[in-house]
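Hi,

Here is the structure I said I'd pass along. Have a look at it first, and my notes on what turned up are underneath.

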Amino acid sequence: MLIKIDEDLFDICKRIKEIDDGYFVVYNTNKLRYELHYKNQENTYCLTCPYENLDVRFVDLVLFSSINNIDKIIDDIDNNNVDIECNYNKSYKDYAKYHLKEIYKFASNSSKNFSNKTAFKSNWR
């Protein structure tokens, strides 16, 4: 069951309404958490409050995820993707470098002459 929250101790609902008048906060009694909904869309659910209580962190989260900040959000995503790609390339180069060294060491140490007759036999003496 969803319980609409109109007033709270720190005026969090009022601050969220200042961001956009279509927002409203509900408490989901089944999941025991707060949720943000938007009345001007078909499915009103927007996001879930990741904190146990309503406080300024939730207002900051709503501000950050607001459509008004779409350019900043896209820039953050792009920067994060660039960082991920750089880290992947670095780790891939390190992986390749390590294995090439191992192949070189193996090739340089095991290129000694050996007899095919004794190559696959164990010496138990």
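Lys72 is partly exposed, since its relative accessible area of 47% falls between the cut-offs of 20% for buried and 50% for exposed. Keep in mind that this is a predicted model. The side chain of Lys72 pairs up with that of Asp76 in a salt bridge, at 3.4 Å from N to O. Why are Lys72 and Asp76 separated by about one helical turn? Because they sit 4 residues apart in helix α3. Asp76 also counts as partly exposed, because its relative accessible area is 33%.

Further along, helix α3 has another pair with that spacing: Asp94 and Lys90 are 4 residues apart, about one turn of the helix. They form a salt bridge too, with the closest N and O atoms 3.4 Å apart. Here the two partners fall into separate classes: Asp94 is partly exposed because its relative accessibility is 41%, while Lys90, at 52%, counts as exposed.

The count for the model comes to 4 salt bridges. One of them links Asp55 and Arg57, where the closest N and O atoms are 2.8 Å apart. Arg57 has a relative accessibility of 41%, so it goes down as partly exposed.

Back to helix α3, which covers residues 70-109 and includes Ile70. What does Ile70 form together with Ile67 and Ile74? The three make a nonpolar patch on the surface, and their accessible area together is about 270 Å². Ile70 itself is partly exposed, because its relative accessibility is 35%.

There is a charged patch as well. Asp6, Glu7, Asp11 and Glu18 gather on the surface as a patch of negative charge. Of these, Glu18 belongs to helix α1, residues 12-19. Is Glu18 buried or exposed? Exposed, because its relative accessibility is 61% and the cut-off for that class is over 50%.

Now for the overall layout. The chain has 3 helices and 4 strands, and if you read along the sequence they come in the order β-α-β-β-β-α-α. How many of the 125 residues are buried, as a percentage? The share is 22%. The chain exposes about 10600 Å², with carbon and sulfur atoms supplying 54% of that area. As for contacts between residues at least 6 apart in sequence, 31% of them join residues at least 24 apart.

One residue I'd point you to on the buried side is Asn28. It lies in strand β2, which runs over residues 23-28. Its relative accessible area is 7%, so it counts as buried, the limit being under 20%. Which residues does Asn28 touch once its neighbours within four places in sequence are set aside? The answer is Met1, Leu2, Arg33 and Glu35. Asn28 and Lys4 make another pair to look at: they are 24 residues apart in sequence, and their C-alpha atoms are 8.9 Å apart in space.

Last, a residue from a loop. Gln41 is found between β3 (33-38) and β4 (45-48). With a relative accessible area of 34%, Gln41 is partly exposed, because that value lies between the 20% and 50% cut-offs. If you take the C-alpha distance from Gln41 to Gly22, you get 9.1 Å, for two residues that are 19 apart in sequence.

That's what I have for now. Shout if anything is unclear when you go through it.

Cheers

How values were computed. Residues numbered from 1 in each chain as written. Predicted model: local features only at pLDDT ≥ 70, side-chain atom pairs only at ≥ 80, totals over all residues. Heavy atoms only, no water. Patch = residues over 30% accessible without salt bridge, like charges linked within 9 Å, V, L, I, M, F, W, Y side chains within 5 Å. Areas by Shrake-Rupley, 256 points an atom, 1.4 Å probe, with all protein chains shown as cover. Lys, Arg positive; Asp, Glu negative; His and termini not counted. Charge placed at Lys NZ, Arg CZ, Asp CG, Glu CD. Helix = DSSP H or I, 4+ residues; strand = E, 2+ residues; numbered from the N terminus. Buried < 20%, exposed > 50% of the residue type's maximum accessible area, 1.4 Å probe, protein only. Contact = heavy atoms within 4.5 Å.
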